[in-house]
Amino acid sequence: SWLKRVAHPSSFSAHSALKMSGDGEATTTPGMVDMKVTAKKSQIFYINSAKAFFTGVIDKDGKKREPVCVLNISGLGEAINIAASAANTVVKEGLATVAKVETSYPDLMTNGQERGCARILITLHKKI
């Protein structure tokens, strides 16, 4: 994980990546990152991760990781507030601008039953 210094989720393994599939596999899209927010980690954890994506970091091996151009922050249910807060902080600090906010109510399978769950997707573009 290239963002260990800011306690970044281990599922984000490449700096230019990250479309996560259901089984944890990452496919790369240069300059774009998908950050899936959960309520299991703290708000400051995701704020620091989002900032690091836009500022770039030096990994534990001493390699400089370049900032990304586009960050997609998504959250389901209770994680919506955390996703919005992370996006808001990055925008307030002048690192990015909001390109799009998308909400939906997808059906999810829980214990064999299909239930709706609120979802947000915030697309941020790095300020030049």
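Reader: Which residue follows α2, and what is the sign of its phi?

Author: G94 follows α2, and its phi is positive, near 80 degrees. Helices and strands here are DSSP runs (H or I, at least four residues; E, at least two), numbered from the N terminus. The model is predicted, so local features need pLDDT of at least 70 and side-chain atom pairs pLDDT 80 or more, whereas totals for chains, interfaces and linings use all residues. Residues are numbered from 1 along each chain, and side-chain values use heavy atoms, without hydrogens and water.

Reader: How do you know that the span of helix α2 agrees with its number of residues?

Author: The expected span is 1.5 Å times one less than the number of residues. For the 13 residues of α2 (residues 80–92) this gives 18 Å, and the end C-alpha atoms are 18 Å apart, so the two agree.

Reader: Why is D59 called buried?

Author: Buried means under 20% relative accessible area, exposed over 50%, and partly exposed in between (1.4 Å probe, protein chains only). D59 has 4% relative accessibility and therefore counts as buried. R65, at 23%, is partly exposed.

Reader: What makes E93 and K51 a salt bridge?

Author: The term requires a side-chain nitrogen of Lys or Arg within 4 Å of a carboxyl oxygen of Asp or Glu. The side chains of E93 and K51 meet at 3.1 Å, N to O, and form a salt bridge. E93 lies in the loop between α2 and β7 and K51 in helix α1, 42 residues apart.

Reader: Which residue forms a salt bridge with E102?

Author: R119 does, with the closest N and O atoms 3.9 Å apart. E102 lies in strand β7 and R119 in strand β10, so the pair ties together parts 17 residues apart in sequence.
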